[in-house]
Amino acid sequence: MATPAVVSRPTREVTLDPPATAMVWVGQNRPHEAIAVPGVALCQGETLVEVELATVCGSDVHTVAGHRSAPVPLVLGHEYVGRVVAMGSPDVRTVDGSRLLVGDRVVWSVMASCGACDRCRRGLRQKCRTGTKYGHERIAARWELTGGFATHVHLKAGTAIVRVGETAPAAVLAPASCAAATAWAAVDRADQVVDVDAAAVLVSGAGLIGLTASAMAADRGASVVVSDPDPDRRALATRFGASAVVDPFEPDALARALASIGVDELGVVIEASGASTAVSAALESIGIGGVVILVGSVFPSGTVAIDPENLVRRLTTIRGVHNYTPLDLVAAVAFLRQRCDEYPFAELVGPTLPLSRIDDAIALARSGRSVRVALDPRA
């Protein structure tokens, strides 16, 4: 049962000079429109963050292309890093319980959750019954700064906020709030079924989630195989912990890869591409007692046939991972900060464009030439 909405009154009016700018998406085949936001009314527990860098996620591309429904007008963008400039009350806390301060460099979750509904109490805050998702909501009066493709974002109470320090590059940190935290959740949920440290892990799809999951699994001691049809992405995967790489359309490639690393079956498959053929291949390739983590299927891609007897006899576990919990975000940020010199995360962000060129940035992201394209609102 959903928790009744609480109507909050503003506790602080913040005037912005110059005004904040938000790039508003108004519908398919139409350019973004810039709006000026001269002031923000913050309620208790809310925060205003100035964006340092935002990256274009695949779901942003899918939305603009019409592959995902979205309420317009809205401000897209949910991968970001920024700095706190104001708070509606002095009691705003980070996930670790410490008090948030003006000037803190932070990342924040894709969702603000109530913390009180049945799903939040079960630990499923990413599925809060009254949750608000940044970069996915229609803009409204007194809440125009709703997504990352803006100079500022207005954070609601119930947002998981994590300090990130001053040393890690923005290009490493910005994707934490979507791709990296989701990758951590995928590896962690697999580890709850199979000991990832000692497992052979197949990562299907060498996008940002897949590459990050490969690095995280390898860092735990897993033998990782990455599957992707793009030879450049396969080459990139070897720099993110993959012991072997395969072309999914090449016959017997996976069997040869497993033999090359001295294992005969997979304990974990993390399917990060979302392609229905890859989901079928994941279910077919998992070893006895293994776990298949489905993380890429976040857009329509067709149904998949399942043989129940095969799943039963092989003791297969299938788990879906969508978004993440606050603690997943904390762990992902810690991993990026500690391992950004070992794994070239900063290189995954290609062109960085000014906010005014958002349509060009999305077109570049759609081309697939770079794992991520970035927007710098300060440029």
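What is the mean pLDDT of the protein chain, and what share of its residues reach 70 or more? The mean is 96, and 98% of the residues reach 70 or more. The views below show a predicted model.

**View 1. The largest nonpolar core, with 68 residues.** V201, V268, I270 and F345 have the most contacts inside this core. Helix α4, residues 179–191, supplies the largest share of the core, nine residues. A second core is separate and has 47 residues. Among its members are V14, A22, L42 and L145.

**View 2. The surroundings of I270.** Neighbours within four places in sequence are left aside here. I270 then touches A186 and V187. Its contacts also include V201, L202, V203 and S204. A213, I293 and V295 complete the set.

**View 3. The two sides of helix α7, residues 253–260.** A253, A257 and L258 are the buried residues of this helix. They lie on the same side of α7 because they cover an arc of only 130 degrees around the axis. A255 and A259 sit on the other side and are exposed. The buried residues of α7 pack against three strands: β10 (223–227), β11 (244–246) and β12 (266–271). Just after the helix, G262 adopts a positive phi of about 80 degrees.

**View 4. Residues 1–6, where pLDDT stays under 50.** The model has nine contacts beyond four places in sequence for residues 1–6. Where pLDDT is low, predicted coordinates should not be read in detail.

Methods. Residues numbered from 1 in each chain as written. Predicted model: local features only at pLDDT ≥ 70, side-chain atom pairs only at ≥ 80, totals over all residues. Heavy atoms only, no water. Core = buried A, V, L, I, M, F, W, Y, C linked by side-chain atoms within 4.5 Å. Buried < 20%, exposed > 50% of the residue type's maximum accessible area, 1.4 Å probe, protein only. Helix = DSSP H or I, 4+ residues; strand = E, 2+ residues; numbered from the N terminus. Contact = heavy atoms within 4.5 Å. Arc of directions from axis to C-beta. pLDDT = per-residue confidence, 0-100.
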